[in-house]
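Me: I am new to this structure and would like a close look at a single part of it. Please start there, and then walk me through whatever else helps me find my way around.

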Number of protein chains: 2
Amino acid sequence: MQRIVQKFGGTSVGSISKIIKACELIEKEIKNGNQVIVVSSAMSGDTNKLVGLAENFDISKNKLEYDMIVSTGEQVSIALISMALRKIGIVARPLLGWQVPILCNNNHIEAKINNIESNNILKIIENKEVPIIAGFQGIDENNNIVTLGRGGSDTSAVAIAASVSADRCDIYTDVDGIYTCDPRIVSKAKKLNKISYEEMLEFASLGAKVLQTRSVEMAMRHNVTVQVLSSQTGQKGTFLIKEDKKMENELVSGIAYTKDEANITLINISDNPGVAAKIFIPLSKKNINVDMIVQTGSENGKNINFTYTVSRKDLKQAILVMEENKNNINFERIITNDSLAKISIIGLGMRTHTGVADKMFSALASENINIHVISTSEIKISVLINEELVKKALETLHTKFELDNN
Amino acid sequence: MQRIVQKFGGTSVGSISKIIKACELIEKEIKNGNQVIVVSSAMSGDTNKLVGLAENFDISKNKLEYDMIVSTGEQVSIALISMALRKIGIVARPLLGWQVPILCNNNHIEAKINNIESNNILKIIENKEVPIIAGFQGIDENNNIVTLGRGGSDTSAVAIAASVSADRCDIYTDVDGIYTCDPRIVSKAKKLNKISYEEMLEFASLGAKVLQTRSVEMAMRHNVTVQVLSSQTGQKGTFLIKEDKKMENELVSGIAYTKDEANITLINISDNPGVAAKIFIPLSKKNINVDMIVQTGSENGKNINFTYTVSRKDLKQAILVMEENKNNINFERIITNDSLAKISIIGLGMRTHTGVADKMFSALASENINIHVISTSEIKISVLINEELVKKALETLHTKFELDNN
């Protein structure tokens, strides 16, 4: 007997028929003799409708109310799941965040979980009932409803799995696992059977939308085995686990990309110690995130050029901020490019194997793909290239690092 | 300074613009120096949508889940009201049933309120905030959400008013008060400035849908002054109060009617002591409510005829029940009529004045309106007439009892 958390995303419970389908997946685990705890998102579309209603007012001034409104989505879905389970003879118990309770800080809209009263969940299991817990929501110490922000239901599921020492946390979604690369672009992409938390963190933060970074971090911190799988097929998906020896033999586990990159180059800055702060503090004040940064010598050999990337949606605002601070930063002119993409190869093997970067750069060079900026971490190398070359670059690297499906 | 509960029905908060309008009514009371506690229904339409969703399953087997789903309607409306108030500079605090808490029995779908933690409400008032409380909902002793059934939000409002010793409970709705008769039928109907609880109870139970019987009973029990008024005009409505001497001088306060009446007459029953039980117990088992009952001697002078009325929707089922129990009840045949209406005159004055019934019957006779069945209570006389004569009967009685608007 295993103890399994089954988490259903919005598309997996998006209609009554999908809820019934999800209940078959619950029934299957129970028939296999397992203990099941269900965590659910709101029915797909419901949250957007609720957000739309709340947006008649200024959300930033009404966060408590916003959380009260959007949390009703899960309140409806868990009750419907419970009803559908009863219909097939399974006694369930829907639980809202305040009923568990899932105790959070009071940071409305993006609260963090502090503690889960797992004894209440375990009592229900012992009573041979299936707890159906609302994802995405909790309460603060003043009994106010709070929500966990984007990907909050995944975080709820992993946190609940950790709190009840579940053997596994199954995240049911509309894809059947994590792929070596986006299969919509690289036809030879293959599903991974397993991936380490560290690699998944890079995948998540580099644009693979399957799991949010927060839930992966939580799984890593509490060593929760997570499986990402499809609620349509219910077939074995991709396991997120602690790294093992075998994983280090793989040079590269997968390739991620993001298309909404833009860069800004400040030409001929008078070099002085405080220049980075002069550039980045005003950007940060406007909530503009800076990603890759490169500093190079300028044409005249005395001054420097400074290049950084931002999300494409932030480019206009970033240029404005630079112009406003032109005298202070002391640059000559700005060059921008808003049709760039970032390609990243990810793999634990990079820590112990050398030559991965060389292999990447030469593969791209052989296809005449120019690299604008490079950044690296322990298990990742990212390069900025022209957007129209994404498909070519991904396919080239996918083949070169022996990821192609046979 | 007065302490006032303002209760808004579904149509009064049915859209963002209506919510903003309701907030103006709240603001007005606050500017008058009053303490305000708001109770709200769900936005009109929302509850029906939620019920529709729940009805994908068998509600009778899923009452806990049903309550969890439908209670989200008020969760949304109170948060929106709070947002709209903040926009005009009023600090509000939305409170769900479990947050107050409003403690109820565990009779899901039609729970009764046991206790309201009014200290929590009073603390918010003392803090110069306006509590916005979800009507219709509470929790049982196991922290399950329960709902109060039809008209539950009115009951919540009156119970809250009683618990905080409010000076008044204003029920905002889409009519501007209680009328002597339905103004859509009797053009000379006039708005009552006040009405006693007892009279209002008769009105409510006789088809005037403005207030549900339960909320009136609760107001009477706790002596809560209730005002029914329009959220569109905000003008003075009708006050429900304890009867006073002056009220007894009015022979008749108003005339109510219901159109969905049907009657069943069982002809030639062998008279025996247990016959009423033999008729009514099987009906009760099928949840068929019987209203007026008349027993008369039959044609042959030995046996009896038995006439009773049911809702028109229950007629078919009632006939079926009679046929199934024909041998046990021992009647000869059934006569039914499904195009009847019940007209009732209501007035505290009947208790002390004689001749009211005579006046009613002769007025109807003078217009050739035949009476099928009569039933009376201390402050009410009801008669069953043919449906097509309703308008004529109402107008005749309205004039005869001097209720016409001048």
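Reply: **A close look at A363(A)**

A363(A) has 17 C-beta neighbours inside 10 Å, and therefore counts as partly exposed. To be called buried, a residue needs 20 or more such neighbours, while 12 or fewer would make it exposed. Please keep in mind that you are looking at a predicted model.

You will find A363(A) in helix α13 of chain A, which covers residues 356-366. Leaving aside residues up to four places away in sequence, A363(A) touches T396(A), L397(A) and K400(A). The chain also brings F401(A) into this area: it lies 38 residues from A363(A) along the chain, yet their C-alpha atoms are separated by 9.7 Å.

**A helix with two sides**

Stay in chain A and go to helix α1, residues 16-31. At 1.5 Å a residue, its 16 residues should span 22 Å, and the end C-alpha atoms are indeed 22 Å apart. The buried residues here are I19(A), A22(A), C23(A), L25(A) and I26(A). If you look down the axis of α1(A), these buried residues fall within an arc of 155°, so they line one face of the helix. Turn to the face that points away from the buried side, and you meet the exposed residues S17(A), E24(A) and K31(A).

As for what covers the buried residues of α1(A), the cover includes the strands β1 (3-8), β2 (35-40), β6 (130-134) and β9 (168-173) of chain A, together with helix α4 (72-87). Just past the end of α1(A), G33(A) takes a positive phi of about 85°.

**Where the two chains meet**

Helix α4 of chain A leads us on to chain B. The contact between the chains takes 23 residues from chain A and 23 residues from chain B. On the chain A side, the elements giving two or more residues are α3 (63-70) and α4. The largest share of that side, 10 residues, comes from α4(A).

Chain A can be laid on chain B by a turn of 179° and a shift of 0.1 Å along the axis, with an RMSD of 0.2 Å. That is the relation of a two-fold axis. T72(A) is the residue of chain A that comes closest to this rotation axis, with its C-alpha at 2.7 Å. Of the interface residues of chain A, 100% are also interface residues in chain B, so the copies meet through the same surface.

**Across into chain B**

For a contrast with α1(A), try helix α6 of chain B, residues 152-163. Its 12 residues reach 16 Å from the first C-alpha to the last, close to the 16 Å expected at 1.5 Å a residue. Here 12 of the 12 residues are buried, so α6(B) is largely enclosed by the rest of the structure. Among them are G152(B), D154(B), V158(B), I160(B) and S163(B). Just after α6(B), S165(B) takes a positive phi of about 50°.

Chain B also shows an open sheet of six antiparallel strands, in the order β14-β15-β13-β16-β18-β17. At its edges are β14 (293-297) and β17 (373-377), each pairing on one side only. From one strand to the next, the twist averages 30°. Within this sheet, β13(B) (residues 254-269) and β16(B) (residues 333-346) pair in the antiparallel sense over 11 bridges. A handy spot to look for is T258(B), which stands opposite K342(B) in β16(B).

Terms used. Residues numbered from 1 in each chain as written. Chains lettered and ligands numbered in written order. Predicted model: local features only at pLDDT ≥ 70, side-chain atom pairs only at ≥ 80, totals over all residues. Helix = DSSP H or I, 4+ residues; strand = E, 2+ residues; numbered from the N terminus. Expected span 1.5 Å × (residues − 1). Arc of directions from axis to C-beta. Contact = placed C-beta atoms within 7 Å. Least-squares fit on C-alpha atoms with pLDDT ≥ 70 in both. Pairing = 2+ DSSP bridges. Axes fitted to C-alpha atoms, helices over the stretch in contact; angles between N-to-C directions.
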